[in-house]
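Student: Please take a close look at one part of this model, the aromatic ring pairs towards the end of the chain, and then set that part in its surroundings.

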Amino acid sequence: MLDRFFELAESGTDIRRELLAGLTTFLTMAYIVVVNPSILSETGMDWGAVFVATCLAAALGSLIMGLYANYPFGLAPGMGLNAYFTYGVVLGMGIAWETALGAVFLSGILFLIISVLPIREWLINAIPLSLKMAISAGIGFFLAIIALQNAGVVVNSDATLVTLGDLTAIPTLLAMLGFVIMVGLSYREIPGAVLIGILVVSLIGVPLGVAEFDGVVSMPPDPSPTFLQMDIAGALELGLVSVVLVFLFVDLFDSTGTLVGLSHRAGLLDRDGRLGRLRSALVADSGASIGGALFGTSTTTTYIESASGINAGGRTGLTAVVIAVLFLLSLFFLPVVSAIPGYATAPALLFVACMMVRGLAELDWDDITDTAPAVVTAIAMPLTYSIADGMGLGFITYVFGKTLAGKPMQIHPAVWLIAALFVLRFAFI
């Protein structure tokens, strides 16, 4: 039954591989159930309620993605968007968190309308193949810098922006050990190489005092402090229209870039670089944002960490369903979920990054009007710490480069539109 529903055989996978992929992706995403409440609680929101909302939003989004779109992508409240919610809107603009949740809800509704209509699908399918390859590679670079930061290999520097961290620190050494374990086991084609690496270094960290387990089972916290607490009327005020649009705009292009990059990594794009059930994936993404706002969390979106499960062999929605089930179980296993240390998931992200960067090899390096925008896109994502901003700089470079080279007819109308929207965003938002 599972084979028929998820088309496992047609996708070149099986139940065991999908289960392993779902578990692998979940472990690389599990940090969000702790990090998201920590960020949103700075607004005055109840930590426990946001923890429940995070788990429920991730489970809902992943379940829709798996059952409706049949893609192996996990969803959860987005990093960056939660920071904008907290530091940009609530603390920065002095807006109540209930009103900010209302803005997230409204942006999700607009997102759903755009997704149901052919507008967004038209936009995504119009993206040239060179930029799609660059988006995939850029996400890889983005994952890499996140991984290196989490591992302590790269740290902040006022003089040079980033610099080398303390390579003698135990967490950093364990992270590097986990990475080489994954590389070695993957080369030997041992199934679950990433998962094995995560578990091994997590367990080693316990006797060394850098990881600890404080129990196994606990009852979920009370969700009522944030559940259905959004203020839609307040978010409809004229002064907050720009906030709604920012949530919509950033989520639109962040999720678009993530879907394209992950689909390329999973081999789900056709010969023309198009994603078959794109509209279903977009509906899942937007529906998750609406549900997340109802539960009491910031914008929910497709996670780039899904690449770890794809690398483990996940190719169908069964992977996403497994992710959803594990997020629901997380409600009762907070001590275990929160015990997976950042240094254990960091090497998994770095390993996946190495796989995704190879998309640049597929570029036509003889045409500078294709390769220059692609390179700008790929390197801007980690350096701006934003998938959307990296895409924006790439699209603008593509349009101006092609035009000045005398090739404006090669630019799809949708690409002109996307570039113009990014120009407006950079100039006024």
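Tutor: In this predicted model, Phe395 and Phe422 are both buried. The ring centres of Phe395 and Phe422 lie 6.4 Å apart with the planes at 20°, and the pair counts as stacked because that angle is under 30 degrees. The pair joins distant parts of the chain: Phe395 sits in helix H19 (residues 387-404) and Phe422 in helix H20 (residues 413-428), 27 residues apart. Phe426 belongs to the picture as well, since ring pairs link Phe395, Phe422 and Phe426 into a cluster.

The count for the structure comes to 6 aromatic pairs. One of them is formed by Phe227 and Phe295, again stacked, with 6.4 Å from centre to centre and 20° between the planes. This pair too links distant parts of the chain: Phe227 lies in the loop between helix H10 (193-205) and helix H11 (232-235), while Phe295 lies in helix H13 (residues 278-295), 68 residues away. Phe227 has a relative accessible area of 39%, so this residue is partly exposed, falling between the 20% and 50% limits.

The domain assignment splits the chain into domain 1 (1-362) and domain 2 (363-428). Between the C-alpha centres of domain 1 and domain 2 the distance is 25 Å. To the contact, domain 1 contributes 30 residues and domain 2 contributes 27 residues. The two domains bury about 2,400 Å² between them, and 81% of this area is on carbon and sulfur atoms. Across the interface of domain 1 and domain 2, the search for salt bridges returns 0.

Thr371 offers a view of another helix, H18 (residues 368-384), where this residue is found. With a relative accessibility of 4%, Thr371 counts as buried because the value is under 20%. Apart from neighbours within four places in sequence, Thr371 is in contact with Leu363, Asp364 and Trp365.

The cysteines remain. A disulfide is a covalent bond between the sulfur atoms of two cysteines. A search of the whole structure finds 0 disulfides. Cys55, at 0% relative accessibility, is buried, whereas Cys354, at 42%, is partly exposed.

Note on methods
Residues are numbered from 1 along each chain as its sequence is written. This is a predicted model: local features need pLDDT of at least 70, side-chain atom pairs count only at pLDDT 80 or more; totals for chains, interfaces and linings use all residues. Side-chain values use heavy atoms; hydrogens and water are left out. A disulfide is a pair of cysteine sulfur atoms within 2.5 Å. Buried means under 20% relative accessible area, exposed over 50%, partly exposed in between (1.4 Å probe, protein chains only). Rings of Phe, Tyr and Trp (its six-membered ring) pair if their centres lie within 6.5 Å; planes under 30 degrees apart count as stacked, over 60 as edge-to-face and the rest as tilted. Helices (H or I, at least four residues) and strands (E, at least two) are DSSP runs, numbered from the N terminus. Contact means heavy atoms within 4.5 Å. Domain bounds come from an automatic or database domain assignment. Buried area is the accessible area (1.4 Å probe) that two parts lose on being put together, summed over both. A salt bridge is a side-chain nitrogen of Lys or Arg within 4 Å of a carboxyl oxygen of Asp or Glu.
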